[in-house]
Amino acid sequence: MSIVRATTENIRAAARIIQAGGVVVMPTETVYGLACNATDDKAVQRVFEIKGRPAANPLIVHVASVEEVGRVAESVPDILGVLAARFWPGPLTVVLAKRPSIPYRTTGGLDTVAVRVPAHPIALALIRESQCPIAAPSANLFSELSVTKAENIDPRIEAEVGMILDGGPCEVGVESTVLDLTGEEPEILRPGGVSRADIQAVLGKPLGIVPPPTVRKSPGLYRRHYAPRASVRLVDSIRPGEPGLTFQQPTSDSQIRMPLDPRAYAANLYSSLKKLDDMGFDEFGVELPPDTQEWEAVRDRLRKASST
Ligand code: TXA
Ligand code: MG
């Protein structure tokens, strides 16, 4: 299926595909998603098959408003009202106790469900038109680079979906922050589009730093992830002429200059890694951004991209 413009008519057609148990690619403000009806066990299974994703790795469920969270989550804590008022629609995903209407297939066997209200108008229109919560993992093959431009969707995914809605480049560029609200204290399971500092400001207290093995809680946290084909070397400063991502003035065509601003960097991250990958190098260097909170999500993705 080829890529289509997200006209009202095409969004309607995509919604019909979803209602019929099919799978489409939709844009979100973070990354493109592989979308299906979150309550349809067979459709969800198909999404896992298309991605080659392990069954224990749960999907995020997308709804159109905070009022709809009650359709997928058993109880909605007060704190969600505060978080939603500040961050929704937007790149924050919260983990809550799931309702029986969400199949275990969607949650990877967990009694919890991850849910968010995306900010992209096309995603919101598609959810409303489909009249169901939409499960959507990032629209990439398992462990590979997420996709922030429709033309970067892997042909193997393109071949399997009913439609790809082109919503232009994703503004945020890294996935949503996953915040677990089922424990005694809120806990960030995956850093992402909403920064730790912003969440702490709203909660009025610091969030604990969770040691890496949160694998039990969020089975989608693998060491190697978001990775290009080439091996990635994290460095302070790339060598003259060495292919890679740099903060300096490039000294060759195979160096891409990255912005010093974390938001602008995130917006360009996956497409820049893909550009380098498409040049065919076996290895390239990436200059590590500063070890500060505002770079947390970007550094997390770079570390995972460089894991072997
Ligand atoms: O920005 C995003 O979140 C994108 C767009 C498409 O919305 N989606 C995305 O989905 O990144 P995915 O499947 O690539 O990543 C989902 C993450 C995984 O780390 C998974 O472990 C975690 O969310 N997750 C999902 N359900 C969970 C649950 N019930 N408990 C804990 N973690 C969960
Ligand atoms: Mg993903």
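**Exercise 1. Describe how helix 3 and helix 6 pack, and name the residues that make the contact.**

Solution. Helix 3 (residues 78–87) packs against helix 6 (residues 196–203) at an angle of about 130 degrees, and the axes lie 10 Å apart. Here helices (H or I, at least four residues) and strands (E, at least two) are DSSP runs, numbered from the N terminus. Axes are lines fitted to C-alpha atoms, for helices over the stretch in contact, and angles run from 0 to 180 degrees between N-to-C directions.

Step 1, the class of the angle. Helix 3 is therefore oblique to helix 6. Angles under 35 degrees count as roughly parallel, over 145 as roughly antiparallel, 65 to 115 as roughly perpendicular, and the rest as oblique.

Step 2, the hand. Helix 3 and helix 6 cross in the right-handed sense. A crossing is right-handed if the near helix is turned clockwise from the far one by less than a right angle, and left-handed if anticlockwise.

Step 3, the residues. Helix 3 contributes Ile79, Val82, Leu83, Arg86 and Phe87 to the contact, and helix 6 contributes Asp198, Ile199, Val202 and Leu203. Contact means heavy atoms within 4.5 Å. By class, seven of these residues are nonpolar, none is polar and two are charged. Ala, Val, Leu, Ile, Met, Phe, Trp, Tyr, Cys and Pro count as nonpolar, Asp, Glu, Lys and Arg as charged, and the others, Gly among them, as polar.

The model is predicted: local features need pLDDT of at least 70, side-chain atom pairs count only at pLDDT 80 or more, and totals for chains, interfaces and linings use all residues. Residues are numbered from 1 along each chain as its sequence is written, chains are lettered from A and ligands numbered from 1 in the order in which they are written, and side-chain values use heavy atoms, with hydrogens and water left out.

**Exercise 2. Treat helix 1 and helix 4 in the same manner.**

Solution. Step 1. Helix 1 (residues 8–19) and helix 4 (residues 121–130) have axes 9 Å apart and pack at an angle of about 50 degrees. The two helices are therefore oblique to each other.

Step 2. The crossing of helix 1 with helix 4 is right-handed.

Step 3. On helix 1 the contact is made by Ile11, Arg12, Ala14, Ala15, Ile18 and Gln19, and on helix 4 by Ile122, Ala125, Leu126, Glu129 and Ser130. This contact holds seven nonpolar, two polar and two charged residues.

**Exercise 3. Find the partners of strand 9 and the directions of its residues.**

Solution. Step 1. Thr177 and Leu179 point one way from strand 9 (residues 177–180), Val178 and Asp180 point the other way, and all are buried. Buried means under 20% relative accessible area, exposed over 50%, and partly exposed in between (1.4 Å probe, protein chains only).

Step 2. Strand 5 (residues 92–97) pairs with strand 9 in the parallel sense over four bridges, and Leu92 stands opposite Thr177. Two strands pair if DSSP finds at least two bridges between them.

Step 3. Strand 10 (residues 187–190) pairs with strand 9 in the antiparallel sense over three bridges. Asp180 stands opposite Glu187. Strand 9 and strand 10 form a hairpin, with six residues between them.

**Exercise 4. Work out the order of the open sheet of four strands, and place helix 7 and helix 8 on it.**

Solution. Step 1. The order is 11-14-12-13, with parallel pairing. Strand 11 and strand 13 (255–257) stand at the edges with a single partner strand each, so one side of each has no neighbour in the sheet. Neighbouring strands of this sheet are turned by 25 degrees against each other on average, direction ignored.

Step 2. Strand 12 (residues 244–246) and strand 14 run parallel and are joined by two bridges, with Leu245 opposite Val286.

Step 3. Helix 7 lies across strand 12, strand 13 and strand 14, at about 160 degrees to strand 14. Helix 8 lies across strand 11 and strand 14, at about 130 degrees to strand 11.

Step 4. Nine of the eleven residues of helix 8 (residues 296–306) are buried, so helix 8 is largely enclosed by the rest of the structure. Its buried residues are covered by elements including strand 10, strand 11 (231–235), helix 7 (262–278) and strand 14 (283–287).

**Exercise 5. Is Ala43 buried or exposed?**

Solution. Ala43 belongs to helix 2 (residues 41–51). Its relative accessibility is 1%, so Ala43 counts as buried. Apart from neighbours within four places in sequence, Ala43 is in contact with Gly21, Val23, Cys36 and Asn37.
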